[in-house]
Amino acid sequence: MQRRDAVKAMAAAVVIPPAFRWQDPAWTQWRVNGERVNRFMSEMAPIGRSPEGQVRTGFSDAVIDARRYATGLMRGAGLEVEIDPAGNIIGRRAGSSADAKPILFGSHVDSVFNGGNYDGATGTMCALEVAHSLNDQRYRNRHPLWVTIWCDEERGLTGSRGFIGHITTEDLAHPDADGRTLAENIRRIGGDPARVTAYRHEPGSIACYLELHIEQGGILDRTGIQIGVVEGIVGIMSWDVTITGFANHSGTTPMDERRNALLAASELALAVDRIVRARPGRQVGTVGRFTVKPSVQNIVPGEVSHSIELRDLSMEKLESLWEEIRAEGDRIMERRETTWIHEQRPTNISAISTPAIRDVIAESAGSLGLSTQVMPSGAGHDAQDLARIGPMGMIFVPSVGGISHSPKEFTRPEDITNGANVLLQTVLRLDQRLP
Ligand code: HGY
Ligand code: MN
Ligand code: MN
């Protein structure tokens, strides 16, 4: 046998066991396991469910149960699991390239009170499915891959703010409605509040961040488009307002001697709506939380505490709307002989997604034969924090009827499978193309 033939015969005889299979050129054909990711969703559903909806709120026991379930799925996908000082869960898959920065993808598992099972959980379960699929394929990723579960997304993007070093000492001391400080809450879920203010990931420290999320609006469902490619995420400014009047007997206090905090608050809520509607554009303004004290039939309300929330892609517009609302609020308080204080809550800066990442998401969806639409996000997301330290992209899947933050929230299983496939193909493409 000629030497060359002998070498060829030897090479043909070498079997590369799957564990050592290099970048299998068939990776563009890889698909997630749709049954498995939808099983994850159905196993998540009963965690923190009440008759009125999901109550996986903040740092509750239900959230801790959901985190425990998701951590188990991380380990099942072969990820190294860690809880960072801010309380986020990070599942790592080491990369083969020593100097490649990590590619992050994930979402959150907490919900609003009486919310739905899909906001946050869909992106998290799809990220975990991608990790399982990469494990099934014994993929040799170049970049470290970090699957992230951000804590307390719904009450101010807490975990992702902590990840980029934006949680302050004052934040840590701030008590929530249950009277527990953020420091106590972070400790409760396994974080380390003593290290939070020094904990940060600097701009440029990640290769990119991807988040799959339900649209929470009705555009995709109405148009029949299968995948949303998010162009940007709105900024959110919000305030805790307390209006003080004078509680008094409802029978013996003449109408012209009342300092009724409820009437002042009601006028202010209507003023927020009127001022926001009066501007051209897609901005929104909401008074969502509204608590009357003492809230007794035969007492003139002495105090009202409520929220004011403004959202738009333009932070300048939000600032200017607030100036108008504040001036009107001062006029209302004077007229009603009441007083008010307004404490601004942490601001979520609007974020434009990275065009190159948007292109890869659209290319991935196209390779799967899925229709796409570029669109804004009216909801806030952890992705807007991650956008401050690296390239960011978001993938939307349809919300049936555009319903969200409600137990009626629903996304079809096939749309979840489509989204997970787009996420898988996008992660693969970015792993092979990013430096
Ligand atoms: O409120 C929001 O926009 C998001 O769902 N946290
Ligand atoms: Mn969300
Ligand atoms: Mn939400």
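# Two manganese ions and their surroundings in a predicted model

Good morning. Asp 119 bridges two manganese ions, ligand 3 and ligand 2, which lie 3.6 Å apart. Donors here are N, O and S atoms within 2.8 Å of the metal (3.2 Å for Na, K and Ca), and water is not among the atoms, so sites may look incomplete.

Before I continue, a word on the source. This is a predicted model, in which local features need pLDDT of at least 70 and side-chain atom pairs count only at pLDDT 80 or more, while totals for chains, interfaces and linings use all residues. Residues are numbered from 1 along each chain as its sequence is written, chains are lettered from A and ligands numbered from 1 in the order in which they are written, and side-chain values use heavy atoms, with hydrogens and water left out.

Let me take the metal sites in turn. Which residues coordinate the manganese ion (ligand 3)? They are Asp 119 (OD), Glu 154, which appears with two OE entries, and His 405 (NE2), at 2.0 to 2.6 Å. Along the sequence, these donor residues follow the spacing D-x34-E-x250-H. Distant parts of the chain are linked in this way: Asp 119 sits in the loop between β5 and α4, and His 405 in the loop between β18 (392-397) and α14, 286 residues apart. Helices (H or I, at least four residues) and strands (E, at least two) are DSSP runs, numbered from the N terminus.

Are Asp 119 and His 405 buried or exposed? Asp 119 counts as buried because its relative accessibility is 3%. His 405 counts as partly exposed, because its relative accessibility is 38%. Buried means under 20% relative accessible area, exposed means over 50%, and partly exposed is in between, with a 1.4 Å probe and protein chains only.

The manganese ion (ligand 2) has as its protein donors His 108 (NE2), Asp 119 (OD) and His 213 (NE2), which lie 2.1 to 2.3 Å from the ion. Their spacing in sequence is H-x10-D-x93-H. Here too distant parts of the chain are linked, with His 108 in strand β5 (residues 103-108) and His 213 in strand β7 (residues 208-214), 105 residues apart. Both His 108 and His 213 are buried.

I turn now to ligand 1. What surrounds it? The shell consists of Asp 119, Glu 153, Glu 154, Gln 216, Arg 311, Ala 379, Gly 380 and His 405; a residue is near a molecule if one of its heavy atoms lies within 4 Å of it. By type, the shell divides into one nonpolar, three polar and four charged residues. For this division, Ala, Val, Leu, Ile, Met, Phe, Trp, Tyr, Cys and Pro count as nonpolar, Asp, Glu, Lys and Arg as charged, and the others, Gly among them, as polar.

Some distances make the picture more concrete. A polar side-chain atom of Glu 153 is 2.9 Å from a nitrogen atom of ligand 1, and an N or O atom in the side chain of Glu 154 is 2.9 Å from a nitrogen atom of ligand 1. From Gly 380, a backbone N or O atom lies 2.8 Å from an oxygen atom of ligand 1. Of the 210 Å² of accessible area that ligand 1 has on its own, the protein covers 91%. Such areas come from the Shrake-Rupley method with a 1.4 Å probe; for residues, only the protein chains shown count as cover.

The loop that holds Asp 119 deserves another look. Asn 117 is also found in the loop between β5 and α4, and Asn 117 counts as buried because its relative accessibility is 8%. Its side chain forms a polar contact of 3.1 Å with that of Arg 56. A polar contact is a pair of N or O atoms within 3.5 Å; within protein, one must be able to donate a hydrogen and the other to accept it, and residues adjacent in sequence count only if both atoms are side-chain atoms. Setting aside neighbours within four places in sequence, the contacts of Asn 117 include Met 41, Met 44 and Glu 409, where contact means heavy atoms within 4.5 Å.

Met 41 and Met 44 lead us to helix α2 (residues 34-44), in which both are buried. The buried residues of α2 pack against α3 (61-76), α4 (121-136) and α14 (413-433). In helix α4 we find Leu 128, which is buried because its relative accessible area is 0%. Phe 40 and Met 74 are among the residues that Leu 128 touches.

Finally, the whole chain: 14 helices and 18 strands, with 53% of its 435 residues buried. Thank you.
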